[in-house]
Amino acid sequence: MTFASLGLDEPILRAVGEQGYSTPTPIQAQAIPAVLAGGDLLAAAQTGTGKTAAFTLPLLHRLSQAQPARNSRGQVIPRVLVLVPTRELAAQVAENVRDYGKHLKLRCMVMYGGVGMQPQVDALRRGVDIVVATPGRMLDHHGQRTLDLSGVDTLVLDEADRMLDMGFIHDIRKVLALLPPKRQNLLFSATFSDEIKSLANSLLDRPKVIEVARRNTAATTVLQTVHPVGRDRKRELLTHLVRENNWFQVLVFMRTKHGANRLAEQLRGDGIGADAIHGNKSQGARTRALADFKSGKLQVLVATDIAARGIDIDQLPLVVNFELPNVPEDYVHRIGRTGRAGAEGRAISLVCVDELRFLRDIENLIGRPIERTLVAGFEPDPQERAQPIRVGRTVIGGGKASGPRRGDAPRGGGAGHGRGDSNGQSRGGAGRRDGQQARRDGGRGQGRGAAPVRRNGTTG
Ligand code: AMP
């Protein structure tokens, strides 16, 4: 199949060719005709499947075929609204829209918080066809009457599961109430949770359902390994692996912003080029860190789950889970950063005894055990006992969910879902989610050692 056979206009085909894409990915092959036909869409697709182009290309085609929408003053007003959970994803999607639409006379703008309103107001005044926005800032603009939504005939909710996780459901409902009722709705989500199904039921009209990666299935192109290691030797092991294997472009995940900062600092102390990216950093600092990472100047980028959403780096070779996420779905999101669009990737998890229950939940979710490989010199002490892990105000593990014991090093300060990480718009979904997780974990044992352990000096 080719992009031309999907019926897209020549300027779009030219732009796609310039991006170096020759064949549509499976989600594109299914979604493009569906979006061109004008109906609603419910698509289960993770980042890395080519989902952005799957909705952008047909929307650009449709927009370019019709006249711009104008308000009573003759200003061009948006016809397409794309809502995304984070600033990074907003910037990334808008960049893709500009790339794919570069031979068209359509205007796209990105709208997120944490930066001044005025440039966004100016852009709206000049006229915009497509708005890519985080929900909070979009509502701010509407409240200040700087954004006219009366021309919107298409709504895209991208990474809708993440938006719900971040507590955006009320904002989403508010936005829905502001849009013209007759419109096309496209909902993209990595997973089909009950919450997503309920949102889809209320939002979509007889949608075409597309599922390219099976529900909650970790990308099959990613080679996944667990290195069991002592709690206090993880950083040493990471430094060893980076040096030994001469790793570059390693994305390392932490549960907390504080942990991310500290690890980046320690790696720099070890002589490894590293920086951290999370919601407490200014937009400028994040953009710089990402650019240095992309160019290869930074060997390691340490990120929290939310900050990493929307980072779009082609064929990222390696993801390291320095800490396993306490929400198993986050593991699937994390490893979705590598092995993008069919390229092979690797995901390595450094797992200590405290995290065995997280590992078990992840293996339950992905439906298979992950291979354990011991690294010579870093074998965990079999006598080491599990200690509770603190995530936000919840303490997980140690048999009960209570405050930290004296002398316990707190291992979390919020799962990275605080206001700062989400464009200052998170409305408290994380605490609830962590609470659910704690309840699910309550009273369970310490994991089952599901996969055989291999002994191996190095890791490729
Ligand atoms: P996405 O899932 O939208 O984040 O896209 C993942 C990556 O795949 C992006 O870096 C795109 O540039 C790339 N991509 C999208 N469509 C194609 C395609 N048809 N062929 C090759 N790469 C693609």
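Let's start with a term: a residue is buried when its relative accessible area is under 20%, exposed when that area is over 50%, and partly exposed in between, using a 1.4 Å probe and protein chains only. The model here is a predicted one, where local features need pLDDT of at least 70, side-chain atom pairs count only at pLDDT 80 or more, and totals for chains, interfaces and linings use all residues. Residues are numbered from 1 along each chain as its sequence is written, and side-chain values use heavy atoms, with hydrogens and water left out.

**Exercise 1: the whole protein**

Find out what share of the residues is buried, and how many helices and strands there are.

Solution. Begin with burial: the protein has 460 residues, and 59% of them count as buried. Next, count the elements. Helices (H or I, at least four residues) and strands (E, at least two) are DSSP runs, numbered from the N terminus. On that basis you get 16 helices and 19 strands. Now look at contacts, meaning heavy atoms within 4.5 Å. Take the contacts with a separation of 6 or more: 76% of them join residues 24 or more positions apart. Finish with the surface, computed by the Shrake-Rupley method with a 1.4 Å probe. The accessible surface is about 18800 Å², and carbon and sulfur atoms hold 48% of it.

**Exercise 2: helix 2, helix 3 and a proline**

Work out how helix 2 and helix 3 are oriented, and which residues proline 58 touches.

Solution. Start with the axes, which are lines fitted to C-alpha atoms, for helices over the stretch in contact, with angles from 0 to 180 degrees between N-to-C directions. The axes of helix 2 (residues 26-37) and helix 3 come within 8 Å and cross at roughly 30°. That makes the two helices roughly parallel, since angles under 35 degrees count as roughly parallel, over 145 as roughly antiparallel, 65 to 115 as roughly perpendicular and the rest as oblique. Then the handedness: this crossing is right-handed, meaning that the near helix is turned clockwise from the far one by less than a right angle.

Who meets whom? Helix 2 brings Ile27, Gln28, Ala31, Ile32, Val35 and Leu36, while the helix 3 side includes Leu57, Pro58 and Leu59. Sorted by class, the contact has 10 nonpolar, 2 polar and 2 charged residues. (Ala, Val, Leu, Ile, Met, Phe, Trp, Tyr, Cys and Pro count as nonpolar, Asp, Glu, Lys and Arg as charged, and the others, Gly among them, as polar.)

Now zoom in on proline 58, which sits in helix 3 (residues 51-65). Proline 58 is buried, at 0% relative accessible area. Skip its neighbours within four places in sequence, and proline 58 is in contact with Leu8, Ile32, Val35, Leu36 and Ala53.

**Exercise 3: two more helix pairs**

Say which of the words parallel, perpendicular and oblique fits helix 14 with helix 15, and which fits helix 4 with helix 12.

Solution. Helix 14 (residues 328-335) and helix 15 (residues 356-366) pack at about 70°, with axes 8 Å apart. They are therefore roughly perpendicular. The contact is made by Pro328, Glu329, Tyr331 and Val332 of helix 14 and Asp361, Ile362, Leu365 and Ile366 of helix 15. By class, that gives 6 nonpolar, no polar and 2 charged residues.

On to helix 4 (residues 87-100) and helix 12 (residues 283-295): their axes come within 12 Å and cross at roughly 60°. These two helices are therefore oblique to each other. Arg87, Glu88 and Gln92 of helix 4 make the contact with Gln283, Arg286 and Lys294 of helix 12. Here the classes are no nonpolar, 2 polar and 4 charged.

**Exercise 4: two positive phi values**

Decide whether arginine 206 and glutamine 249 are buried or exposed.

Solution. First, some background: most residues other than glycine have a negative phi. Arginine 206 has a positive phi near 40°, and lies in the loop between helix 9 (194-203) and strand 9 (208-211). With a relative accessible area of 72%, arginine 206 is exposed.

Glutamine 249 has a positive phi of about 55°, in the loop between helix 10 (234-245) and strand 11 (250-254). At 16% relative accessibility, glutamine 249 is buried.
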